[in-house]
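Subject: Structure handover

Hi,

Here is the structure I promised to pass on to you. Have a look at it first, and then read on for what I found.

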Amino acid sequence: MTKAVTHLKTLSLVNLRRQPLPAVRRQQHIMAPACSRAARPFVNFYRRVFPSGWRRIVSTFRSFGNYGIAAGAITSGAAVAGGSVAAASAYGQHKLTPATISRVMLPDDANPGGFVHGGTILKMIDEAGWLAATRHANSNGRKEDSKSLSAALVRVEHMDFMERMLIGEVARVEASVIFTSSRSMEVRVEVWAENASKGSVRLTNQAILWYVAVPMDEETAAGHLKSQPVPPLPSNLQLRQEVHEAAKKRYDTQKAERARAHELPSDGTLKALQPDKTVEHSPAASQSSLLHVVLPSDCFANGIAQGGVIMKLMDTVAGLAAVRHSQNRLVVTASLDAIDFHSPVMNGNLVTVTSQVTHTSKRSMELKVVVFTENATTGEVKATNTAFFTFVNLSSLTGKVCDVPPLELTTDTERKAFAEGQARYEERKAARQKGKHFY
């Protein structure tokens, strides 16, 4: 696959060097056979792996290659590969601190259905949010001898995936600090999908994240986090009154919810769930687990795992449980409820993420996800996160949303969880109908 993609990149670069853009358009029929031969391994691979989505992926790259656009798009993607970022504007004292991450969505970013993995988007959202929050924490006339600060994600508000991101599109993630308390920062993030061949741009996600600032020192690296004061927003930054009031309300709400730390397991046990197929389409039949050792590549410079990495693991195991329940690998993330990060996940920790279906409607599934982290040296186990993800089922023929198998409930615990999930479902539905937005 890698070799085939390299062929496509090389051919696009050759086309662009040999011909100016108008001439390339006129010579499509000359270069088409060569492109087909070079792309044959690429096409065959995707026909096997993505039987329902390979045409969409291949046609996207083919249109890029024919018109010489892939050269510029892939070059810009390589320049920012690995999460490198570019600032949207200058920052510092009395200035807003936006951050922008942009890169091409490549086949490595695909889920089994051929679309961009929802966890990839979540990871990019956290990267952009972390950069904006870290810039703000270190701005506003900080003393030279003071410790450098790094942002740490503590909460993600409810978020909808409004549209699917496609392979070949350019994902642009923009983040800005819009509210601060004495020790926390609220960051607004928007995700845009650009189709370079059509020149179109779509808004796919909007998110609100909360960060605290922690010092980059040995104590933080050891997992002992102590939040530091953060500078207020510049006095000359004019936010609309309703935006400020909505942010203040969210701050009070998330502070109260985090204080309750509701629904977090407290028995300290670490359980990797395996599906129990005794009753088909029961919650137990969808049980799924994922184990992951946190490595330096998963962390920021302070040794704390990126919140986006944890969210991607959560999205992955929720997707696995959704596939087991629906018995269809074409499932996509529709939304996620608020996620609180109650304890830091550090470099070297073992992370266990578990999920199972808790509620179904006609065309959606709610999945509960719980994250445990284990310190391998001390044996200490903590439950750090819990969240509810909503997935929808896609038809393998049309790619449109289709019905979900109803959940078979066998115990009182499952019935109670289903009733609670029904209440959340109605709340989400009402919010969508009202057109509820964060800002």
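Ser-289 stands opposite Thr-354 in β10. That pair belongs to the antiparallel pairing of β10 with strand β7 (residues 288-293), which runs over six bridges. Please keep in mind that this is a predicted model.

β10 also pairs with β11, again in the antiparallel sense, and here there are 10 bridges. Two of the facing pairs are easy to pick out: Leu-350 sits opposite Glu-374 in β11, and Val-351 is opposite Thr-373 in β11. The connection from β10 to β11 is a hairpin of three residues.

From β11 you can carry on to β12, since these two pair in the antiparallel sense over 11 bridges. Phe-372 has Ala-383 in β12 as its bridge partner. The hairpin of β11 and β12 has six residues between the strands, and Gly-379 in that hairpin takes a positive phi near 80 degrees.

How much of these strands is covered? In β10, nine of the 11 residues are buried, and in β11 the count is likewise nine of 11.

Next, the helix that packs here. The buried residues of α10 pack against β8 (331-336), β10 (350-360), β11 (364-374) and β12 (381-394). Those buried in α10 are Glu-414, Gly-421, Arg-424 and Arg-428. They cover an arc of only 90 degrees around the axis, so they are on the same side of α10. The face turned away from that buried side carries the exposed residues Asp-412, Lys-416, Glu-427 and Gln-433.

The length of α10 can be checked too. Helix α10 (residues 412-433) has 22 residues, so at 1.5 Å a residue it should span 32 Å; its end C-alpha atoms are 32 Å apart, which agrees.

There is another sheet to look at. It is an open sheet of six strands with antiparallel pairing, in the order β1-β4-β5-β6-β2-β9. Which strands stand at its edges? They are β1 (99-104) and β9 (339-340); each has a single partner strand, so one side of each is left without a neighbour in the sheet.

Inside that order, strand β4 (residues 170-180) and strand β5 (residues 185-195) pair in the antiparallel sense over 10 bridges. One residue to find there is Ser-176, which stands opposite Arg-188 in β5. Helix α6 (residues 118-137) lies across β1, β2 (149-156), β4, β5 and β6 (200-215), and it runs at about 40 degrees to β4.

Finally, a word on confidence before you set anything up. The mean pLDDT of the protein is 76, with 69% of its residues at 70 or more. Over residues 1-38 the pLDDT is below 50, and this stretch has 36 contacts in the model beyond near neighbours in sequence. Residues 63-95 also stay under 50 in pLDDT, and for them the model has 59 contacts beyond four places in sequence.

Happy to talk any of this through whenever it suits you.

Best wishes

Conventions: Residues numbered from 1 in each chain as written. Predicted model: local features only at pLDDT ≥ 70, side-chain atom pairs only at ≥ 80, totals over all residues. Heavy atoms only, no water. Pairing = 2+ DSSP bridges. Helix = DSSP H or I, 4+ residues; strand = E, 2+ residues; numbered from the N terminus. Contact = heavy atoms within 4.5 Å. Axes fitted to C-alpha atoms, helices over the stretch in contact; angles between N-to-C directions. pLDDT = per-residue confidence, 0-100. Expected span 1.5 Å × (residues − 1). Buried < 20%, exposed > 50% of the residue type's maximum accessible area, 1.4 Å probe, protein only. Arc of directions from axis to C-beta.
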